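Q: Please take a close look at one pair of side chains for me. Then carry on from there to other parts of the chain. Keep it brisk, and explain each term as you go.

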Amino acid sequence: MNINDSISDGIPEFPDLDEHEIPEVLPLMAVRDVVIFNYMIIPLFVGRPNSVGAVNEALTKDKMIMLATQKEATTDDPTPEDVYDVGMVCMIMRTLKLPDGRLKVLVQAMSKARITNYLQTEPFFQVNIELLNDEEVLELTVETEALMRTVREQTEKILSLKGIMSSDLMVILNNIEEPGRLADLVVSNLHLKTAESQSVLEISDPVARLKKVSEYLHKELEVSTVQAKIQSEAKEEMGKTQREYYLREQLQALKKELGDIDDRSQEIEELRVKLSKKRMPPLAKEEAFKQLKRLEMMHPDASEATTVRTYLDWILDIPWRQSTRDRIDLVEAKKVLDTDHYGLEKIKERILEYLAVRKLNKTTKGPILCFVGPPGVGKTSLGQSIARAMNRKFHRLSLGGMRDEAEIRGHRRTYIGSMPGRIIQGLKTVGANNPVFMMDEIDKVGADYRGDPSSALLEVLDPEQNFEFSDHYLNMPFDLSKVMFITTANITDTIPSPLLDRMETIELSGYMLEEKMEIARRYLIPRQTKENGIKEKDLKLDDKTIEKIITHYTREAGLRNLERMIGKVCRKIARRLAEGKKGPYSITDRTLGKYLGPPRHIPEMEREIIDQPGLATGLAWTEAGGEVLYIEVSIVKGKGGLTMTGQLGDVMKESAQAALTYCRSLTKKLKLDENYFEEIDIHIHVPAGAIPKDGPSAGITMATALYSALSGKTVQQGVAMTGEITLRGRVLPIGGLKEKALAALRANITKVIIPAQNQKDLEEIPKKLRDQMQFIPVKSMSQVLPHVF
């Protein structure tokens with residue numbers, strides 16, 4: 001019952017209690033969820049048997065009944081302990097029997113009373129009661145009048161916030177002059193908790209009861225104020241949203257009338273048709289239609305609609321089952337490989353083996369190759385040639401400096417601007433699920449707080465896992481097993497071991513002089529003449545001139561500088577032709593300096609002349625290929641010190657210590673005094689001093705230079721060596737033999753001493769190179785010395 005119900009009931013003329021004497025014994029009916037106050041008129045629905053019995057008992061007598069509130073509203077069959085002691089004696093004014101058997105009764109509260117004793121509990125409660133009269137207020141003090149006025153104002157504010165304010169109600173409130181009646185009328189409409197209303201009812205002092213009601217009014221006023229504020233803001237926001245929606249719909253209708261846009265339903269239907277025709281796995285198709293259904297239910301201007309639409313576009317663009325047909329003709333594939341690249345027989349053989357297996361087994365997985373070699377040897381261009389030979393699409397991805405794992409796996413769709421990883425993007429670009437996918441610079445992948453891309457590549461480059469590669473953006477598996485992955489690297493030391501283990505490593509060493517000359521004639525000169533706009537007949541370079549460009553203007557394992565030099569010659573000729581001068585121009589080794597300037601390298605002068613003791617020639621391996629090292633040893637008077645210069649690394653310093661210990665063990669053979677090494681200082685220097693050097697392969701070179709300085713013998717001219725040494729003089733194997741052999745050949749050194757355990761690696765060296773050089777395998781330093789002195 002709310003306060004308007006009281007108005008509708010009119011707050012009628014209350015019956016005179018003297019005309020209705022209240023007996024001491026009355027039937028009791030327990031009520032739920034409501035506390036009845038004086039002068040209230042309230043309808044009640046009666047359904048429980050004991051309550052119906054109490055009403056019928058009252059109707060048979062004087063229509064008076066005791067109403068008390070249950071402590072717990074959920075109790076269906078209350079006992080005396082479940083009912084409050086203080087309640088109201090009410091007069092049943094009207095009854096109505098409902099079709100379902102319940103009674104609807106209208107009662108008016110007459111007087112507050114306390115239950116003193118339960119006379120019976122079955123079939124209904126019969127109780128003894130004691131009337132409770134409020135304390136009499138003899139005079140309204142200023143404080144009481146102020147309290148009553150405060151309660152009226154608080155009630156008015158609450159009703160105003162709730163929008164149920166009426167002038168009639170305020171008239172009733174203003175006409176009540178008794179504090180108790182005002183408190184009862186207001187609290188009966190506050191919708192307090194049952195226990196709180198009961199506590200107010202049990203206060204017999206009218207002023208104290210009004211104070212309690214004022215406290216509850218203050219709390220209700222705060223809640224109503226916040227509630228009204230929230231409703232106002234929500235209404236304002238809703239009004240703004242509805243207005244924007246209405247304007248957008250008008251704009252859409254205008255554009256449609258002007259023919260500027262298609263119907264949205266037509267767009268959804270087009271997407272549905274495309275998804276139905278798209279060949280994709282069942283899981284992907286199920287997810288696509290699920291997202292399409294979400295898009296259909298969204299407003300077209302919602303921010304998430306753009307995200308879902310972009311996701312569907314990616315699903316449609318990805319080549320789930322679109323493949324290119326491989327060229328299985330091995331003869332034709334070999335012809336393409338030979339046309340594009342000179343030499344590189346091992347790699348060509350590996351590709352032809354894969355095509356042969358592919359011809360016999362259509363379901364074979366793509367190989368994962370890793371080309372390792374110095375810059376400029378053709379690793380990347382070889383990948384393009386492989387794609388052309390196999391009739392596959394080609395895509396290149398540079399991994400150098402990559403530090404974010406999301407570059408490989410993609411971003412999750414929760415992020416703004418998210419997109420798939422570079423793998424899925426590359427497949428979308430080529431439009432096929434079986435391209436040749438080249439990943440350059442895999443040895444230069446980084447890592448930071450955003451993740452480790454090399455760890456993400458473990459799944460991509462593992463044939464046992466990549467058939468279910470999971471991209472964070474797609475959030476569903478994609479089959480990468482048909483992709484032929486090729487990675488490139490300059491060195492394998494920086495590649496994590498688990499990642500290196502998943503790849504088949506193929507080493508590309510540098511080129512010999514003859515190979516460079518052949519490549520220059522077949523590929524570099526025709527390409528540079530075309531790029532610089534001159535005809536091949538306008539430029540004539542004989543073999544001797546090309547050889548001089550290679551030996552005197554470049555010193556590299558690859559071909560980049562050679563191509564730059566040829567391009568420089570072509571640009572000089574292009575300028576002359578553009579100025580109107582006629583060709584052809586025949587360039588010889590004598591006139592080459594006019595085009596390229598003075599030679600940058602003169603092999604005859606660069607090769608160290610071994611004409612005194614303490615000098616030896618060694619071979620080293622770098623990322624750029626093989627290099628020749630010249631080691632110098634000087635002996636001066638001192639106190640047994642060892643000095644090493646030339647920016648040597650820890651490994652080379654240890655090799656020098658081991659070489660010195662070995663030479664000290666040969667004191668008798670060298671015919672030196674026992675105290676000789678305590679009276680001298682030894683200085684080992686490896687030019688050039690500005691270049692850092694490290695590695696284990698300079699051991700026998702240092703030992704040879706030390707032995708030469710101690711014995712006074714000069715090392716034989718034109719001999720180089722490589723190998724690690726132990727304290728006992730054993731020679732241990734090394735790596736990069738082919739690169740070192742090529743470096744020796746570039747320096748016109750034809751005699752190379754190698755560890756005996758590296759004899760097996762000679763098969764990897766081209767026969768032309770083996771025929772031009774003499775390789776001497778040794779097991780110990782005792783075998784090295786006879787070949788160098």
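A: Start with Arg522 and Glu518. Their side chains form a salt bridge, with N and O 2.9 Å apart. The term has a cut-off: a side-chain nitrogen of Lys or Arg must lie within 4 Å of a carboxyl oxygen of Asp or Glu. Both residues sit in helix H18, which covers residues 513-531. Four residues separate Arg522 from Glu518, about one turn of the helix. Helices (H or I, at least four residues) and strands (E, at least two) are DSSP runs, numbered from the N terminus. Arg522 counts as partly exposed because its relative accessible area is 42%. The scale is simple: under 20% is buried, over 50% is exposed, and in between is partly exposed (1.4 Å probe, protein chains only).

A word on the source. This is a predicted model, where local features need pLDDT of at least 70 and side-chain atom pairs count only at pLDDT 80 or more, while totals for chains, interfaces and linings use all residues. Residues are numbered from 1 along each chain as its sequence is written, and side-chain values use heavy atoms, with hydrogens and water left out.

Now compare a pair that spans two elements. Asp589 and Lys544 also meet in a salt bridge, at 3.9 Å from N to O. This one links distant parts of the chain, 45 residues apart. Asp589 is in the loop between strand E15 (585-587) and helix H21 (592-596). Lys544 is in helix H19, residues 543-553. Asp589 is partly exposed, because its relative accessibility is 21%. Lys544, at 54%, counts as exposed. Salt bridges can also share partners: Lys112, Asp134, Asp184 and Arg209 are joined that way into one network.

How many salt bridges does a search of the whole structure find? The count is 27. Another of them pairs Asp76 with Arg32, whose closest N and O atoms are 2.9 Å apart. These two residues are 44 residues apart and link distant parts of the chain. Asp76 lies in the loop between strand E3 (64-69) and strand E4 (86-97). Arg32 lies in the loop between strand E1 (25-31) and strand E2 (41-46). Asp76 has 54% relative accessibility, so the residue counts as exposed. Arg32 has 33%, so this partner counts as partly exposed.

Stay with the loop between E1 and E2. Tyr39 is found there too. The phi of Tyr39 is near 70 degrees, a positive value in a residue other than glycine. Tyr39 is partly exposed, with a relative accessible area of 30%. Lys671 offers another positive phi in a non-glycine residue, near 60 degrees. Its place is the loop between helix H23 (650-664) and strand E19 (680-685). Lys671 counts as exposed because its relative accessible area is 77%.

Next comes a peptide bond. From Glu122 to Pro123 the bond is cis, with omega near -5 degrees. Pro123 belongs to the loop between strand E5 (103-120) and strand E6 (125-131). Which residue in helix H2 (residues 49-60) touches Pro123? Asn50 is found in that helix, and Pro123 is among its contacts. The other contacts are Asp77, Pro78, Phe124 and Phe125, leaving aside neighbours within four places in sequence. Contact here means heavy atoms within 4.5 Å. Asn50 is buried because its relative accessibility is 15%.

Now look at two helices together. Two packed helices are described by the angle between their axes and the distance between the axes. Helix H3 (residues 142-161) and helix H4 (residues 167-175) pack at about 165 degrees, with axes 11 Å apart. Axes are lines fitted to C-alpha atoms, for helices over the stretch in contact, and angles run from 0 to 180 degrees between N-to-C directions. H3 and H4 are therefore roughly antiparallel. Under 35 degrees counts as roughly parallel, over 145 as roughly antiparallel, 65 to 115 as roughly perpendicular, and the rest as oblique. On the H3 side, Arg152, Thr155, Glu156 and Leu159 meet Leu169, Met170, Leu173 and Asn174 of H4.

Finish at strand E23 (residues 751-755), where Lys751 lies. Lys751 is buried because its relative accessible area is 14%. Its C-alpha atom is 9.6 Å from that of Gln717, 34 residues away along the chain. Beyond four places in sequence, Lys751 touches several residues, including Gln716, Gly718, Ile776 and His787.
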